[in-house]
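I opened the notebook to record what I looked up in this structure, entry by entry. The entries follow the order in which I went through the chains.

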Amino acid sequence: MLMVNLRCLIVAICLVGLVAPAWSVAVDTPLADPSLEARARAIHKQLRCLVCQNQSIEDSNSSLARDLRILVRDRVTAGDSDAAAIDFVVDRYGDWVLLRPPMKWGTAILWLGPALFLILALTLIVFWYRRRQGPDAAIGAPLNANEKAQLRALLDDGDHT
Amino acid sequence: MNEPGLEQRSSRNWLGLLPLAVVLIIGGFLFAGLSLQPKEIPSVLIGKAVPEFDLPALPNRPKGLKTGDLKGQISLVNVFASWCVSCRAEHPLFMKLSTHGVVPVHGLNYKDEGPAAIGWLRRYGDPYDRVGHDLKGRVGIDWGVYGVPETFLVDAEGRIVCKHIGPVMARDLEEKLLPAIHALRQGDTAQC
């Protein structure tokens, strides 16, 4: 009798495990109008999830991301342009939510940084290359009196050993 | 040009310092990164009027919360939920603030079932003057809420002065919120 109960329990636990994913993923209801839904989806991809930070709200499973997806769908349905819907979210959470940060004074280094580093690297390479050429060019030049004396001293040294 | 050897040596010395310079620059960035809080996203609402909202009260509890309620006196608005574990950590502090009458504390009950929220307040105490029930979390979004708990300091004109993200601990209260409240009462501009 106990054995049967135990079996029932194990089966029950396994069944609960099977339905668990259904709780964790809350499926969105897409908008009836496919063109509006496509616009909302495109906006979702541009907005950064505040909870999981490096995911877009399109990709995130967090409940805030879901709320924001619904919010964007509502804005688009209410007749907002894409820019207006994005601004609506930016007004509340700041530029931080934009996966593509806008070009501003504060973000200039973000946008121009890679180009600046490239220019810096190229400048250094040219600079070093020229530097190396300097001494190489001196190799062909005739020795001055001082160098001739040093060379002679060295060669004489070699004779003694 | 007379001493090419010497010039070459000084340029080598300069090159020798380059790895050290690179290490120092990268190290500087990494060191600065240690004290950054990437989980804390600065609010864009600081200095702005609180958003327009009108939330109903929790079931069997008087006084909901709306924009107009936050004008006339300095107050704290605490975003909480019964499902939020770290809300329990900060709760005793709000109880103290409320029993000593330091500053009115209003609650924004975020994405919570009414009975669960009421049960939670009954169990751990109810420090709030007014509590708005934000079942859908829409008003929370208007406030820029992205995690619970969050606490806003609102001045007498109904402007958001500062936002604390995460549970308010004794130190946050003593070093940040209370000095800011004091400054506001003196008529100074508060920073936190």
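**Entry 1: domains**

I began with the spacing of domains and found that the centres of domain 1 of chain A and domain 2 of chain A, taken over C-alpha atoms, are separated by 37 Å. The model is predicted, and I keep that in mind for every entry below. The domain assignment of chain A places domain 1 at residues 30-102 and domain 2 at residues 104-135. For chain B, I read domain 1 as 4-34 and domain 2 as 54-185 from the domain assignment, and the centres of these two domains of chain B, again over C-alpha atoms, lie 52 Å from each other.

**Entry 2: chain A as a whole**

I looked up the secondary structure of chain A and counted 6 helices and 0 strands, which reads along the sequence as α-α-α-α-α-α. Of the 161 residues of chain A, 15% count as buried. I also looked at contacts in chain A between residues at least 6 apart in sequence, and 43% of these join residues at least 24 apart.

**Entry 3: helix 2 of chain A**

Helix 2 of chain A covers residues 34-46, and its 13 residues reach 19 Å from the first C-alpha to the last, close to the 18 Å expected at 1.5 Å a residue. Which residues of helix 2 of chain A are buried? I found Arg39(A), Ala40(A), Ile43(A) and His44(A). They lie on the same side of helix 2 of chain A, because the arc they cover around the axis is only 145°. On the other side of this helix of chain A, I noted Pro34(A), Ser35(A) and Lys45(A) as exposed. The cover over the buried residues of helix 2 of chain A includes helix 3 (63-77) and helix 4 (82-93) of chain A, so I turned to those two helices next.

**Entry 4: helix 3 of chain A**

Helix 3 of chain A has 15 residues, and I found that it reaches 21 Å between its first and last C-alpha, close to the 21 Å expected at 1.5 Å a residue. Its buried residues in chain A are Leu64(A), Ala65(A), Leu68(A), Arg69(A), Leu71(A), Val72(A), Arg73(A), Arg75(A) and Val76(A). What do the buried residues of helix 3 of chain A pack against? I found helix 2 and helix 4 of chain A together with helix 5 (138-142) of chain B. Just after helix 3 of chain A, Gly79(A) takes a positive phi of about 100°.

**Entry 5: Ala65(A)**

I then singled out Ala65(A), which is found in helix 3 of chain A. Why does Ala65(A) count as buried? There are 23 other C-beta atoms within 10 Å of Ala65(A), and a residue counts as buried because 20 or more lie within that distance. Not counting residues up to four places away in sequence, Ala65(A) touches Cys49(A), Val51(A), Ile57(A) and Ser60(A). I also checked Phe117(A), which is 52 residues from Ala65(A) along the chain, and the C-alpha atoms of the two are separated by 36 Å.

**Entry 6: helix 4 of chain A**

For helix 4 of chain A, I compared the span of 16 Å that its 12 residues should have at 1.5 Å a residue with the 17 Å between its end C-alpha atoms, and the two agree. The buried residues of helix 4 of chain A are Ala85(A), Val89(A), Arg92(A) and Tyr93(A). They cover an arc of only 90° around the axis, which puts them on the same side of helix 4 of chain A, while Ala83(A) and Ala84(A), on the other side, are exposed. Helix 2 and helix 3 of chain A, together with helix 5 of chain B, are what the buried residues of helix 4 of chain A pack against. I noted that helix 4 of chain A is followed by Gly94(A), whose phi is positive, near 85°.

**Entry 7: the sheet of chain B**

In chain B, I looked up an open sheet of 5 strands with mixed pairing, in the order 5-4-3-6-7. Its edge strands are strand 5 (131-134) and strand 7 (160-165) of chain B, each of which pairs on one side only. Neighbouring strands of this sheet are turned by 15° against each other on average, direction ignored. Strand 3 (residues 75-80) and strand 6 (residues 150-154) of chain B run antiparallel and are joined by 5 bridges. For Val77(B), I found that the bridge partner in strand 6 of chain B is Phe152(B).

Terms used:
Residues numbered from 1 in each chain as written. Chains lettered and ligands numbered in written order. Predicted model: local features only at pLDDT ≥ 70, side-chain atom pairs only at ≥ 80, totals over all residues. Domains from an automatic or database assignment. Helix = DSSP H or I, 4+ residues; strand = E, 2+ residues; numbered from the N terminus. Expected span 1.5 Å × (residues − 1). Buried ≥ 20, exposed ≤ 12 C-beta atoms within 10 Å, placed from the backbone. Arc of directions from axis to C-beta. Contact = placed C-beta atoms within 7 Å. Pairing = 2+ DSSP bridges. Axes fitted to C-alpha atoms, helices over the stretch in contact; angles between N-to-C directions.
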